[in-house]
Amino acid sequence: MPILVLENIGKTYPSGPNGTVEILKGVNLVMEPSQTCAIVGPSGSGKSTLLNIVGTLDFSTTGRVLMDGQDVSMFDNADKAVFRNRRIGFVFQLHHLLPQCSVLENVLIPAIVNKDTGDAEKRADALLETVGLGDRRNHRPGQLSGGERQRVAVVRAMINNPKILLADEPTGSLDNSGAEKLGDLMVKLNKQFGMTLLVVTHSESLAERMDMIYELSSASLTRKK
Ligand code: ADP
């Protein structure tokens, strides 16, 4: 069964006194478990809007989002929040780590929200080790480089073993070498843990590393790879 099915997704915003602006129109996408996919396209074409709809942070005007066979567009806000926390990992362009908390505390926040205090710390340590930050667990975000902070954000996104990781311009704030390293890491984690990976990116090299590439343009999604 596919992990993600987007069926005829449309999104319009009100514009002016009587008009609307159509951001997404008839968008379809199917992802199998462990597949990786990049969404590319010009600024303002609706990539973040689409990712937010997949992540249940926003809602579509038409169509359905099926995750693991469940129609998440029908969930109420409370169910969406639980689903999001347990099944979906998010990585954004900016790391959004809490500056006053250690690396380990930052990584554990989604597990605490999920009331999973069992082996979360062990998992956090193993993941931090995997991303090469095992010796940084007690450091504060301010003591890390931009690339290291973004790696912590990836570990935080993975702490609840999500089925799908959604990343919006994850390398957008990094220099070339930091971006390459983060790309390597995301592919490595995908191979190791098998989470499905959906990435919005302007980086051609990151996009090329994904199994599939789709371009969003004029409100429609077209397969490029
Ligand atoms: P991208 O991620 O491709 O840069 P976005 O998804 O951020 O594009 O935005 C797509 C379009 O939707 C933009 O033209 C933006 O101005 C518009 N948009 C986003 N949010 C709103 C909103 N709440 N109301 C009206 N228009 C919006």
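**View 1. Lys-11 and the ring of Phe-59 in the predicted model.** Lys-11 lies over the face of Phe-59, at 4.2 Å from the ring centre (a charge sits over a ring if NZ of Lys or CZ of Arg is within 6 Å of the ring centre and within 35 degrees of the ring normal). This is a predicted model, in which local features need pLDDT of at least 70 and side-chain atom pairs count only at pLDDT 80 or more, whereas totals for chains, interfaces and linings use all residues. Residues are numbered from 1 along each chain as its sequence is written, and side-chain values use heavy atoms, with hydrogens and water left out.

**View 2. Aromatic pairs.** The whole structure contains 2 aromatic pairs (rings of Phe, Tyr and Trp, the last by its six-membered ring, with centres within 6.5 Å; planes under 30 degrees apart count as stacked, over 60 as edge-to-face and the rest as tilted). Phe-75 and Phe-83 are edge-to-face, at 5.5 Å centre to centre and with 80° between the planes. The pair of Phe-90 and Phe-92 is stacked, because the ring centres are 5.9 Å apart and the planes are at 0°.

**View 3. Backbone contacts of the ligand.** Oxygen atoms of the ligand are found 3.1 Å from a polar backbone atom of Ser-45, 3.0 Å from a backbone N or O atom of Gly-46 and 2.9 Å from a polar backbone atom of Ser-48 (a polar contact is a pair of N or O atoms within 3.5 Å; within protein, one must be able to donate a hydrogen and the other to accept it, and residues adjacent in sequence count only if both atoms are side-chain atoms).
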